[in-house]
Amino acid sequence: QEHVVESGGGLVQPGGSLRLSCIASGFTFSSAATTWYRQAPGKEREMVARIPRSGDTTNYADSVKGRFTISRDNVKNTVYLQMNSLKPEDTAVYYCNAVNWLGATAYDYWGQGTQVTVSS
């Protein structure tokens with residue numbers, strides 16, 4: 001059955017780094033547009049970074065530009081979110097979302113989320 005699973009969250013001090021991973025099962029990321037979202041307590045879920053099926057471009061929220069990098073390893077079928085210079089306001093549950101196309105039909109997959117806490 002198709003699904004995605006995130007990992008790599010944890011507690012880190014301000015200025016530190018973390019790398020989140022999203023692994024797909026049942027489909028390949030090369031056929032999917034993948035987005036990292038996050039949701040902080042009391043706030044709406046927001047887009048953080050996106051990589052399309054082609055993998056030739058990336059998009060970022062203004063709040064993370066220059067600090068976060070989304071990338072994809074087609075061999076490992078994994079999408080990463082490298083987070084550097086972390087700030088307390090980056091604290092949130094981070095979710096991986098993949099929209100996979102089979103012909104003209106799009107299938108939407110969400111992971112269970114991984115907690116990132118930035119605190120001293």
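Two strands are said to pair here if DSSP finds at least two bridges between them. By that criterion, strand 4 and strand 5 (residues 46-51) pair in the antiparallel sense over 5 bridges, and the residue of strand 5 that serves as the bridge partner of R38 is E46.

## Overall architecture

The model described here is predicted. The protein contains 11 strands and 0 helices, so that, read from one end of the sequence to the other, its pattern is β-β-β-β-β-β-β-β-β-β-β. Among contacts between residues at least 6 apart in sequence, 53% join residues that are at least 24 apart.

The C-alpha trace spans about 45 × 25 × 25 Å along its principal axes. The radius of gyration is 14 Å, which agrees with the value near 14 Å that a compact globule of 120 residues would have.

## Surface, burial and charge

Of the 120 residues, 42% count as buried, while the protein as a whole exposes about 6,200 Å², of which carbon and sulfur atoms supply 48%. The charged groups comprise 11 positive and 10 negative charges, and the mean positions of these two sets are 4 Å apart.

## Pairing of strands 1, 3 and 8

Strand 3 (residues 18-25) takes part in two of the antiparallel pairings described here. With strand 1 (residues 3-7) it is joined by 5 bridges, and within this pairing S7 has S21 of strand 3 as its bridge partner.

With strand 8 (residues 78-83), strand 3 pairs in the antiparallel sense over 6 bridges; here the bridge partner of R19 is Q82, a residue of strand 8.

## Pairing of strands 4, 5 and 6

Strand 4 (residues 32-39) and strand 5 form a hairpin with 6 residues between the strands, and in this hairpin G42 takes a positive phi near 75°. Strand 5 is also joined to strand 6 (residues 59-60), with 2 bridges between these antiparallel strands, and R50 stands opposite N59 of strand 6.

## T34, a buried residue of strand 4

T34 lies in strand 4. Its relative accessibility is 0%, and because residues under 20% are classed as buried, T34 belongs to that class.

When neighbours within four places in sequence are left aside, the contacts of T34 are F29, A49, R50, I51, I70, V79, C96, N97 and A98. Of these, R50 is the residue already described as standing opposite N59 in strand 6.

## Loops on either side of strand 8

Two residues in the loops that flank strand 8 have a positive phi although neither is a glycine. N77, with phi near 55°, lies in the loop between strand 7 (68-73) and strand 8, and its relative accessibility of 15% means that N77 counts as buried.

S85, with phi of about 50°, is found in the loop between strand 8 and strand 9 (92-102). At 41% relative accessibility, S85 counts as partly exposed, because that class covers values between the 20% limit for buried residues and the 50% limit for exposed ones.

## T28 and the loop between strands 3 and 4

T28 lies in the loop between strand 3 and strand 4, where a relative accessibility of 40% makes it partly exposed. Leaving aside neighbours within four places in sequence, T28 is in contact with N77 and N100; N77 is the buried loop residue described above.

T28 can also be placed relative to E2, from which it is 26 residues away in sequence, with 9.7 Å between the two C-alpha atoms in space.

## G111 and the loop between strands 10 and 11

G111 is found in the loop between strand 10 (105-110) and strand 11 (114-118), and with a relative accessible area of 12% it is buried. Beyond neighbours within four places in sequence, G111 is in contact with V4, E6, Y95 and C96.

For the pair G111 and C96, the separation is 15 residues in sequence and 5.5 Å in space, taken from C-alpha to C-alpha. C96 is also listed among the contacts of T34, and C96 is therefore a contact shared by two residues that both count as buried.

Terms used:
Residues are numbered from 1 along each chain as its sequence is written. This is a predicted model: local features need pLDDT of at least 70, side-chain atom pairs count only at pLDDT 80 or more; totals for chains, interfaces and linings use all residues. Side-chain values use heavy atoms; hydrogens and water are left out. Helices (H or I, at least four residues) and strands (E, at least two) are DSSP runs, numbered from the N terminus. The radius of gyration is taken over C-alpha atoms; the globule rule is 2.2 Å times the number of residues to the power 0.38. Buried means under 20% relative accessible area, exposed over 50%, partly exposed in between (1.4 Å probe, protein chains only). Contact means heavy atoms within 4.5 Å. Accessible areas come from the Shrake-Rupley method with a 1.4 Å probe; for residues, only the protein chains shown count as cover. Lys and Arg count as positive and Asp and Glu as negative; His and the chain ends are not counted. The place of a charge is taken as NZ of Lys, CZ of Arg, CG of Asp or CD of Glu.
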